[in-house]
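Subject: Structure handover

Hello,

Here is the structure I promised to pass on. Please open it and keep it beside this email while you read.

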Amino acid sequence: MAVPLIPIAIGAGAAATYAAIELIRRRRAQPATQLVREAIDSVLSRYPAVPPGGRERNLYVVLLDRSVWREKAKFREKNPHYREENRKPFFYVGETGLKPERRFKRHKRNYQAGRGFVRDFGKRPLVGSASVSADQAKGMEKALARELQARDCGVWWG
């Protein structure tokens with residue numbers, strides 16, 4: 001005998017339904033932008049502030065399409081601890097003297113595109129770019145990438 005479908009938010013079961021929905025919400029992965037903001041804050045807290053008037057660079061993060069995992073063996077090699085079942089996002093981390101949005105457009109136009117991760121798989125630049133000193137930019141780029149990897153994300157940098 002088939003069990004009839006009953007709306008689950010009726011009567012005494014509503015509290016249990018709402019509790020289950022709340023549990024699902026808490027388990028859902030953090031939005032990519034929030035992950036990046038927290039990672040940038042963590043990295044910036046380990047480096048001194050940019051001196052006024054000094055040369056500045058911008059760290060930037062681009063959200064990559066999930067297909068990068070299937071299509072790029074080099075990406076998989078650089079992220080050996082990534083677990084697909086976690087469904088965490090994929091990122092590209094870079095540093096530039098340009099505004100992050102402008103650098104993203106250059107990637108997409110295949111100008112200074114490097115290996116093409118952003119050109120081929122870049123979805124959008126994320127909020128959370130940070131101005132850093134030119135002397136520290138490369139080290140901070142790697143530190144930010146490693147921080148995102150520590151948060152179980154897939155990352156390409158360099």
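One definition comes first: a residue is buried under 20% relative accessible area, exposed over 50%, and partly exposed in between. Take N110 as a trial case: its relative accessibility is 46%, so N110 counts as partly exposed. Please also bear in mind that this is a predicted model.

**The chain as a whole**

The chain has 158 residues, and 39% of them count as buried. Its secondary structure comes to seven helices and five strands. Read from the N terminus, the order is α-α-β-α-α-β-α-α-β-β-α-β. The accessible surface comes to about 9,800 Å². Carbon and sulfur atoms hold 52% of that surface.

How much of the contact in the chain joins residues at least 24 apart, among contacts between residues at least 6 apart in sequence? The share is 77%.

**The largest pocket**

Now to the empty space. Rolling a probe the size of a water molecule over the atoms shows where such space is left. The largest pocket holds about 160 Å³. Its lining is made by 16 residues. Nearest its centre lie Y60, Y92, R103, H107 and G158. Three elements give two or more residues to this lining: β2 (90–96), α5 (100–108) and α7 (137–150). Which element gives the most? That is β2, with three residues. Sorted by class, the lining has five nonpolar, six polar and five charged residues.

**Two residues with positive phi**

Find N110 again. N110 sits in the loop between α5 and α6 (117–121). Its phi is near 70°, a positive value, and N110 is not a glycine.

D152 is another case. D152 has a positive phi of about 70° and is not a glycine either. Look for D152 in the loop between α7 and β5 (154–157). Is D152 buried or partly exposed? Its relative accessibility is 38%, so D152 counts as partly exposed.

**Residues that meet across the sequence**

R151 shares that kind of place: R151 lies in the loop between α7 and β5. Its relative accessibility of 22% makes R151 partly exposed. Leaving out residues up to four places away in sequence, R151 touches L35, E38, A39, S42 and K88. The C-alpha atoms of R151 and V36 are 9.8 Å apart, with their places 115 residues apart along the chain. The side chain of R151 also makes a polar contact of 3.1 Å with the side chain of E147.

Y47 is in the loop between α2 (32–44) and β1 (56–64). At a relative accessible area of 26%, Y47 is partly exposed. Which residues does Y47 touch, not counting those up to four places away in sequence? They are Q136, G139, M140 and A143. Y47 and S133 are 86 residues apart along the chain, and their C-alpha atoms are separated by 9.8 Å.

V132 belongs to strand β4 (residues 130–133). Its relative accessibility is 1%, so V132 counts as buried. The C-alpha atoms of V132 and L44 are separated by 8.6 Å, and the two residues are 88 apart along the chain.

**Around E84 and S67**

E84 is in the loop between α4 (73–78) and β2. With a relative accessible area of 48%, E84 is partly exposed. Setting aside neighbours within four places in sequence, E84 is in contact with R66 and W69. The side chains of E84 and W69 are joined by a polar contact of 3.3 Å. Their C-alpha atoms are separated by 8.8 Å, and the residues are 15 apart along the chain.

S67 lies in helix α3 (residues 67–71). Where does S67 stand, buried or exposed? Its relative accessible area is 10%, so S67 is buried. The side chain of S67 makes a polar contact of 2.6 Å with the side chain of D65.

**Where to start**

Begin with the pocket and the residues nearest its centre, Y60, Y92, R103, H107 and G158. Then go to R151 and find its contacts, among them L35 and K88.

Best wishes

How values were computed
Residues numbered from 1 in each chain as written. Predicted model: local features only at pLDDT ≥ 70, side-chain atom pairs only at ≥ 80, totals over all residues. Heavy atoms only, no water. Helix = DSSP H or I, 4+ residues; strand = E, 2+ residues; numbered from the N terminus. Buried < 20%, exposed > 50% of the residue type's maximum accessible area, 1.4 Å probe, protein only. Contact = heavy atoms within 4.5 Å. Areas by Shrake-Rupley, 256 points an atom, 1.4 Å probe, with all protein chains shown as cover. 1 Å grid on protein atoms, 1.4 Å probe; cavity = no way out; pocket = protein on both sides within 12 Å on 5 of 7 lines; lining within 4 Å. Points joined across faces, edges and corners; volume = space filled by probe spheres on them. Nonpolar A, V, L, I, M, F, W, Y, C, P; charged D, E, K, R; others polar. Polar contact = N/O pair within 3.5 Å; in protein donor to acceptor, adjacent residues only side chain to side chain.
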